[in-house]
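Hi everyone, thanks for making time for this. I'd like to walk you through one model, moving from a strand to ring pairs, cores and charges.

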Amino acid sequence: MRLTRYFLPVLKETPSEAQIVSHRLMLRAGMIKQSSAGIYSWLPLGFKVLKNIENIVHEEQVRAGHIPLLMPTLQSADLWKESGRYDDYGEEMLRIQDRHGRDMLYGPTNEELITDIFRSHISSYKDLPLTLYHIQWKFRDERRPRFGVMRGREFLMKDGYNFDLTKEDALHAYNRHLVSYLRTYERMGLQAIPMRADGGPIGGDYTHEFLVLAETGESEVFYDSAVTDLSFGDRDIDYDDVDQCQGVLEEFTTKYARTDETHDENLFNEVPEERRKVARGIEVGQIFYFGTKYSEAMGAKVQGPDGKPVAVHMGSHGIGVSRLLGAIIEASHDDKGIIWPEGVTPFHVGIVNLKQGDHEADAACESLCRQIEGLGLEPLYDDRNERAGGKFATMDLIGLPWRITIGPRGLKNGVVELTSRRSGASEELTPEAALAKIASIYAKS
């Protein structure tokens with residue numbers, strides 16, 4: 001993609017309303033534009049990253065055996081009245097009426113709707129276990145939306161729901177989700193720590209939330225620093241293996257890690273003093289097991305092995321897809337701008353032409369672009385008639401992980417300059433060697 005043909009409305013000044021790093025950088029990098037309080041248009045660069053995050057979430061859900069569908073944003077209030085949550089959910093739920101006077105709501109979550117789908121089509125234990133999920137826009141009418149996409153009113157969320165015959169089966173689904181979430185976050189370059197949490201309005205006795213450590217986090221976090229040494233890595237997990245999933249859960253949850261809501265000072269004091277840490281964290285996902293709370297209330301039952309009706313055991317599992325984008329920036333930036341991990345970057349490599357209009361430099365840039373595209377990767381070619389300093393500043397701001405700089409002087413010596421955005425380190429390589437290195441980097445990611 002040529003930058004002169006792309007829509008990238010970068011800002012030189014930081015808008016006054018932006019209070020945290022991710023909000024400032026997303027506005028300056030031309031990723032979002034506020035439409036109204038807590039509601040944003042996603043501009044091309046931001047939309048590309050959002051879709052990359054969404055695709056990773058989809059891939060890891062399917063890998064874990066979960067089945068995608070799509071439910072509507074608007075829901076009938078009748079289902080929520082049936083479950084008993086319509087009046088309990090509070091003012092965050094946007095309640096409306098259609099032209100016929102029917103009560104509707106803009107869904108903040110989908111437990112009722114998915115339960116209605118299940119009870120309409122599943123009647124036998126032979127059709128279990130079943131996990132369905134979707135990625136859909138949600139709306140919660142926050143009293144004070146702030147921090148950009150980190151606490152907006154409209155947000156993109158993956159929410160999944162498991163249906164199982166027994167509590168033991170449902171807890172395996174819970175463990176399976178925890179494992180799949182760990183893999184999901186690591187692919188995005190994040191270390192998300194699972195922490196024991198409170199069920200809130202969704203309910204449930206088993207729940208963990210996943211937090212990314214960041215100074216701007218909304219939650220205070222108390223943790224054993226040993227949890228930050230854990231890595232999912234390249235493990236080959238059999239998601240049907242109950243013991244294997246349970247083992248990973250125990251590995252990642254036995255070390256102390258809690259938010260201020262569930263913090264236990266006595267247990268925390270049992271951690272060696274040098275490993276006791278207090279920080280801030282950003283919630284990027286949560287998993288719940290809530291038993292038969294919704295299936296009992298809404299009649300979601302199946303015929304059991306003995307022929308008798310049994311209320312299914314359920315859980316729900318959410319990832320804040322749009323919130324993740326902000327969390328990645330909070331965890332990965334410097335004073336020049338964003339630093340995208342390779343797994344979510346909007347473009348794989350930036351190409352800077354130091355002398356636009358020079359025949360050899362132009363030809364070398366265009367040739368390298370074609371070769372990068374031939375690898376199945378996307379370059380962003382800064383072909384503007386702009387000073388080199390301005391081009392470098394733009395590349396640093398938008399945070400592409402790798403930059404190739406091409407100019408007449410280097411070409412005379414047969415080299416280009418390859419620069420890592422994260423480390424700042426540069427090396428001179430032949431164009432062929434630079435291409436091979438880029439190919440190798442993304443083959444591993």
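Let me begin with a term: a residue is buried at under 20% relative accessible area, exposed at over 50%, and partly exposed in between, with a 1.4 Å probe and protein chains only. Helices (H or I, at least four residues) and strands (E, at least two) are DSSP runs, numbered from the N terminus. What you see is a predicted model, in which local features need pLDDT of at least 70 and side-chain atom pairs count only at pLDDT 80 or more, while totals for chains, interfaces and linings use all residues. Residues are numbered from 1 along each chain as its sequence is written, and side-chain values use heavy atoms, with hydrogens and water left out.

Let's start with strand E10, residues 206-213. How many of its 8 residues are buried? The count is 6, so to speak of E10 as mostly covered is fair. Two strands pair if DSSP finds at least two bridges between them. On one side of the story we have strand E9, residues 192-196, which runs antiparallel to E10 and is joined to it by 5 bridges. Within that pairing, Arg 196 has His 208 of E10 as its bridge partner. E10 also pairs with strand E13, residues 276-291, again in the antiparallel sense, over 8 bridges. There, Phe 210 stands opposite Gly 285 of E13. Please remember Phe 210; we will meet that residue again.

Now the rings. Rings of Phe, Tyr and Trp (its six-membered ring) pair if their centres lie within 6.5 Å; planes under 30 degrees apart count as stacked, over 60 as edge-to-face and the rest as tilted. By that rule, the model has 12 aromatic pairs. Why is the pair of Tyr 6 and Phe 347 edge-to-face? Because their planes meet at 80°, with the ring centres 5.4 Å apart. This pair links distant parts of the chain, 341 residues apart: Tyr 6 lies in the segment before helix H1 (21-28), and Phe 347 in the loop between strand E18 (337-338) and strand E19 (349-353). Tyr 6 counts as buried at 17% relative accessibility, and Phe 347 is buried with a relative accessible area of 1%.

Back to Phe 210, as promised. Its ring forms a tilted pair with Tyr 181, 5.4 Å centre to centre and with 55° between the planes. Here too the pair links distant parts of the chain, helix H5 (residues 167-187) for Tyr 181 and strand E10 for Phe 210, 29 residues apart. Tyr 181 is buried at 0% relative accessible area, and Phe 210 is buried at 0% as well. Elsewhere, ring pairs join Tyr 174, Tyr 206 and Tyr 289 into a cluster.

On to the cores. In soluble globular proteins, nonpolar side chains tend to be buried together. A nonpolar core, for us, is a set of buried Ala, Val, Leu, Ile, Met, Phe, Trp, Tyr and Cys residues joined through side-chain atoms within 4.5 Å. The largest one has 68 residues, and those with the most contacts inside it include Ile 53 and, once more, Phe 210. Helix H5 gives the largest share of this core, 8 residues. Taking contact as heavy atoms within 4.5 Å, and leaving aside neighbours within four places in sequence, Ile 53 touches Met 188, Val 321, Leu 324, Leu 325, Ile 328 and Val 344. Apart from that core lies another, of 26 residues, among them Met 71, Leu 130, Phe 163 and Phe 288.

Finally, charges. A salt bridge is a side-chain nitrogen of Lys or Arg within 4 Å of a carboxyl oxygen of Asp or Glu, and the count here comes to 26. In one of them, Arg 63 and Glu 60 have their closest N and O atoms 2.9 Å apart. These two are 3 residues apart in helix H2 (residues 44-63), so about one helical turn separates them. Arg 63 is partly exposed at 46% relative accessibility, whereas Glu 60 is buried at 0%. Both belong to a network of salt bridges with Glu 59, Arg 183 and Arg 187.

Thanks for listening, and I'm glad to go back to any part of this.
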